[in-house]
Amino acid sequence: MGPLALMAQDAGMTVYGSDMAPGAITNALVNSGVKMCLGEQDGEFLKACAKKDGVDWFVYTSALPEDHPELVMAKKLKLKISKRDELISYLVKKLKLKMIAVAGTHGKTTTTAMIIWGAIKLGMPLSYLIGTTLPFADAGRYDPKSEYFVYEADEYDRNFLAYHPWLAAIPVVSYDHPDIYPTEKEYLEAFRQFERQSEQVIHGDEIAIGVDLAGEARRYDATLAIDVLQRIMPKPKGLARFSHNLQRKKLVQFMNEFPGVGRRFEQVSEGYYSDYAHHPEEVAATVEIAKEEADRRGLKGVVAIYEPHQNARQVELADDYAEAFEGVAKLYWLPTYLVREDPKGKELKPADFIAKLENKKVAEPAELDEKLAEELKKWHDKGYLVLLMTAGPADAWLRKLVYAGNQESAATQFVHAPRSVE
């Protein structure tokens, strides 16, 4: 939602926003001039904005319940109301952009970031939206000189089916989101429909020669990004085959310089990494990246902390964790971060997951407490890479831990906007 606000602002719209607490790009939003309200969402801020300047369109996240005060107020004010997909489609059509949609269960964030990175290195104008922070650019942007719009297309809530992309780029697809897609068949059919709606489709099914990033998954993502960039970058003059090889060599060099992306194997402090992985296949791929990185840096190994996300998902996928943590020296398994849960569903505990692991002897249940903090510091001081995988609050806990009351990381510093419209 935040990156979309940035793009809409760039495109000339007046944007207001509210949230209960600061987020990863709150600073960027405030600095760009977006008027914000942080704190209680009771509808009064929206009402004040509508009264002062007029509001035409209320765009809300799928996380909002139907009885949310702001949504209720938007209906009362008779505003146009939609989720983000309708506004994105509107902007793409209004700004005459060709959509490049990166979709998939895994790899879509990193692939999208790599395409953005490559375009910046090439000096090529590009409009884009990505669902995370970038260390080299804003998370959302409209460039009036751009022909293309790169979008990280999320399959949750069937969001990606609202689009008909000029190009669809798909890294990896495997069953997820059982609360939206009750069966694997329904999930895969949604992706088939997405492909049918796209003018052209490319998949991440090989690794380019020369790409040497840590982790096979990142090498696949980099190759897919290279394939996308070669389709949209200006063509150099000269013999076609020579030009193609020259372009590809340059893009491989850029991908090997890729500085990473927020929450995707992000180094939050020396030796401490945080990743958004919350699916067994994502976990396994991230563990492989961490092991390669530890080996390259001469570290003794990897210590992992894992916070699963959404019990409904984990019930469906619990058996798939058996070999996901293969090769880690130690694993601390946290309680599942509960969101959008069925109150009648059985909640899996850390011990339930650990019992299914092939290497269960290295694993133990844990909590985000002082005991775990001390354990992680000991492992780190012994020369191990510490890897946290979470889509929940454990990320903020780790950042606070490693900064230990000193200067906070840039990702956790926020400008607190006033409640008034002014």
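Two strands count as paired if DSSP finds at least two bridges between them. The strands themselves, like the helices, are DSSP runs numbered from the N terminus, with at least two residues (E) for a strand and at least four (H or I) for a helix. With that in hand, look at Ser 127, which stands opposite Phe 149 in strand 8.

A word on the model before we go on. It is a predicted one, in which local features need pLDDT of at least 70 and side-chain atom pairs count only at pLDDT 80 or more, while totals for chains, interfaces and linings use all residues. Residues are numbered from 1 along each chain as its sequence is written, and side-chain values use heavy atoms, with hydrogens and water left out.

Strand 8 is a good place to start, as a member of an open sheet of 6 strands in the order 7-6-8-5-9-10, with mixed pairing. At the edges of this sheet are strand 7 (140-141) and strand 10 (201-203), each pairing on one side only. Helix 6 (residues 108-122) packs on the sheet and touches strand 5 (98-102), strand 6 and strand 8; contact here means heavy atoms within 4.5 Å. The direction of helix 6 makes about 155° with that of strand 8, where axes are lines fitted to C-alpha atoms, for helices over the stretch in contact, and angles run from 0 to 180 degrees between N-to-C directions.

Now follow the two neighbours of strand 8. Strand 6 (residues 127-129) pairs with strand 8 (residues 148-152) in the parallel sense, over 3 bridges, and Leu 129 stands opposite Tyr 151. Strand 5 also pairs with strand 8 in the parallel sense, over 5 bridges, and here Val 102 faces Glu 152 as its opposite residue.

In a regular strand the side chains alternate between the two faces of the sheet. In strand 8, Tyr 148, Val 150 and Glu 152 point one way, and Phe 149 and Tyr 151 the other. Because 5 of the 5 residues of strand 8 are buried, the strand is largely enclosed by the rest of the structure. Buried means under 20% relative accessible area, exposed means over 50%, and partly exposed lies in between (1.4 Å probe, protein chains only).

Beyond strand 8 comes the loop to strand 9, home to Arg 158. Arg 158 has a positive phi of about 60° although it is not a glycine, and with a relative accessible area of 34% it is partly exposed.

On the other side of the story is helix 7 (residues 184-196), which lies across strand 5, strand 9 (167-170) and strand 10, running at about 145° to strand 9. This brings us to the aromatic rings. Rings of Phe, Tyr and Trp (its six-membered ring) pair if their centres lie within 6.5 Å; planes under 30 degrees apart count as stacked, over 60 as edge-to-face, and the rest as tilted. The structure holds 22 aromatic pairs. In one of them, the rings of Phe 160 and Phe 194 have centres 4.8 Å apart and planes at 20°, so the pair is stacked. Phe 160 sits in the loop between strand 8 and strand 9 and Phe 194 in helix 7, so the pair links distant parts of the chain, 34 residues apart. Both residues, Phe 160 and Phe 194, are buried. They also belong to one aromatic cluster, together with Tyr 175, Tyr 181, Tyr 187 and Phe 191.

Let us move on to another open sheet, again mixed in its pairing, whose 6 strands run in the order 11-12-16-13-14-15. Strand 11 (266-269) and strand 15 (363-365) stand at its edges with a single partner strand each, so one side of each is left without a neighbour in the sheet. On average, neighbouring strands of this sheet are turned by 25° against each other, direction ignored. Strand 11 and strand 12 (residues 272-275) pair in the antiparallel sense over 3 bridges, with Ser 274 as the bridge partner of Glu 266.

Two helices lie across this sheet's strands. Helix 13 (residues 370-381) crosses strand 12, strand 13, strand 14 (330-333) and strand 16 (384-390), running at about 160° to strand 14. Helix 14 (residues 394-403) lies across strand 11, strand 12, strand 13 and strand 16, at about 40° to strand 11.
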